[in-house]
Amino acid sequence: MSKKIISFIFLVTLFFYQFSHAEIVTLDDGRVVKLHEDGTFTVLSESNTDTNTNNNSSFEDSIINIFNLLGIQYETVNYVNNSNLIIKNITIENINIEELIIEKPNEKYFNNININSFNKYEGKFFDKLIIKKLSPTNNEEFYIGHFELTKLDLKEIKLLKDMVIGESTDYVFGIANIIDSISLKTLKMNDVSFEFETDFYAYDSITVNNLKNSSLAELIYKGAKIQRYDEYAELETMEIRNLKFNSPSTYISEFNYMEHPRELFLFFDSLGSFKFKNFYQEVYERNGLSYIINVDTSEISNFKTKKINGLSIPVSFDSTTSGIAITSNDQIIKNYFDGLGYNELKFDYSTNFKWSPSSEIFTFNFNIGMQEGAEILFNTKLDDIDLYKLINDSTTPIILDYLQTTPKISSIDLTLKDKGLTPRILEYGAYEMGMSSDQLVTFITSQLQAYSVYVESPLTNEFIISLQNFLENPNSLSFKMQPKASLSYDDILSLSYNPSLLVEVLNIKIR
């Protein structure tokens with residue numbers, strides 16, 4: 001999205017620049033002229049004081065004069081019914097446009113245009129702008145089949161002009177406010193492709209809906225394709241909804257060119273959802289090996305923040321991804337897959353994050369599962385977590401002392417659930433070692449028991465028994481820690497000299 005905004009500002013800036021270096025004045029008789037350094041002038045438009053003058057022709061002449069002044073070539077210019085401006089076969093330096101249509105242009109900006117036309121905000125530029133078949137005249141790879149922009153508005157137009165001609169030099173604040181003042185109802189691009197150095201990008205369509213105050217309702221990509229020297233990727237759809245940023249006036253005084261992580265949370269506000277569907281990627285290694293990754297769907301939702309001392313601190317989000325498949329032409333990896341009876345590895349995962357600023361309780365849940373394989377579930381709860389402090393003090397020495405003494409473990413639960421992977425691993429391992437699966441389980445447990453004499457922990461026997469039961473009858477294996485009172489890192493470190501007491505205080509159980 002930022003590239004589109006920057007491109008728009010660049011085009012408007014170039015437009016201002018051209019006029020700021022061409023002195024255009026209106027004479028007493030109403031004629032608009034371009035002054036030359038030798039004292040002569042060129043008439044750009046005749047007087048419009050004649051009551052019989054056709055306003056339609058006057059505006060059309062103004063557009064023609066603008067194009068002539070900027071050296072823009074065109075075939076025809078027509079202003080139809082005081083409503084639609086239609087220009088065909090435009091050439092701007094190395095760019096060709098087959099047709100440009102502007103519906104209901106704002107004549108306050110374009111009639112007898114000069115640099116002073118932009119001294120104040122006069123409303124939106126037009127109702128709609130349509131560009132058909134934009135392409136380069138040289139060998140550069142760039143093409144837009146259809147471009148459509150509806151209800152473009154830029155309230156800080158005078159600020160943009162002042163920055164271009166050097167009357168305003170606070171560029172960080174200026175650019176932030178200019179971007180914040182841009183609004184549009186829709187932006188649509190179809191059949192888009194461009195090349196950047198050795199990279200090639202193509203999109204079936206790109207759509208932006210309701211951009212206003214540095215925030216947007218929707219950004220949708222469809223049919224994306226990316227080709228780089230070491231990878232190729234495709235994406236069916238990507239959607240970002242309700243992405244919101246703060247007003248520049250709330251953060252610009254503290255902005256320091258992203259030298260501190262807290263600055264990200266100064267201007268970011270919230271995100272409604274982010275999701276994509278049917279992602280495909282090929283990664284090429286220099287040794288001739290390649291890897292293919294497929295993802296069916298992925299989504300981030302329920303992303304919420306809370307304002308704390310000017311920062312938008314995340315308090316919750318959910319993330320789910322399904323159908324992550326990995327394949328490779330690496331024969332070694334293929335042999336492992338074949339040995340385990342898999343054509344590919346396919347995964348799903350989900351995360352859930354919640355933080356309560358009032359109670360400072362933090363919970364994080366993460367599940368990852370291999371289809372027809374196994375599932376790992378990790379759940380944790382921490383007390384006395386101050387995310388504002390973690391972000392604000394993240395680059396200072398005091399953060400290490402804070403992490404060691406203040407956050408406390410309330411509970412940790414790690415569970416492995418078998419869904420068909422364990423018998424495959426045992427069968428494959430037994431075949432490689434020339435024994436049966438039962439013999440392999442016996443061998444593993446005997447080895448663990450032999451090494452257990454070197455480990456001083458009351459959990460050792462519990463772990464060996466639990467693991468043996470799991471290997472003999474694969475179901476689930478869990479590690480739980482739930483101390484009666486929450487403990488910090490320093491608390492746990494102080495008990496490490498006595499393993500039995502540590503296990504008792506942490507209330508650790510392996511099942």
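Start by selecting E375 in this predicted model. E375 stands opposite K417 of strand β20. Now show both strands in full. β20 covers residues 408-418, and its pairing with β19 is antiparallel, over 10 bridges.

Next, add strand β18, residues 361-370. β18 runs antiparallel to β19, residues 374-383, and nine bridges join the two. Pick F366 and look across to β19: F378 stands opposite. Then move to the hairpin of β18 and β19, where three residues lie between the strands. Select E372 there and check its backbone: phi is positive, near 60°.

Now go to D269. This residue sits in strand β14, residues 268-284. Is D269 buried or exposed? D269 counts as buried because its relative accessible area is 18%, under the 20% limit. Show side chains and add K307: a polar contact of 2.9 Å joins the side chains of D269 and K307. Leaving aside residues up to four places away in sequence, D269 touches K244, F245, N246, T305, K307 and S312.

Last stop: the helices. Select α4, residues 157-164, and α5, residues 171-181. Their packing angle is about 145°, and the axes are 9 Å apart. The crossing of α4 past α5 is left-handed. Which residues make the contact? From α4, colour L159, L160 and M163. From α5, colour Y171, G174, I175, N177 and I178. By type, the residues of this contact divide into six nonpolar and two polar, with no charged ones.

Key: Residues numbered from 1 in each chain as written. Predicted model: local features only at pLDDT ≥ 70, side-chain atom pairs only at ≥ 80, totals over all residues. Heavy atoms only, no water. Axes fitted to C-alpha atoms, helices over the stretch in contact; angles between N-to-C directions. Helix = DSSP H or I, 4+ residues; strand = E, 2+ residues; numbered from the N terminus. Left-handed = near helix turned anticlockwise from the far one by under 90°. Contact = heavy atoms within 4.5 Å. Nonpolar A, V, L, I, M, F, W, Y, C, P; charged D, E, K, R; others polar. Buried < 20%, exposed > 50% of the residue type's maximum accessible area, 1.4 Å probe, protein only. Polar contact = N/O pair within 3.5 Å; in protein donor to acceptor, adjacent residues only side chain to side chain. Pairing = 2+ DSSP bridges.
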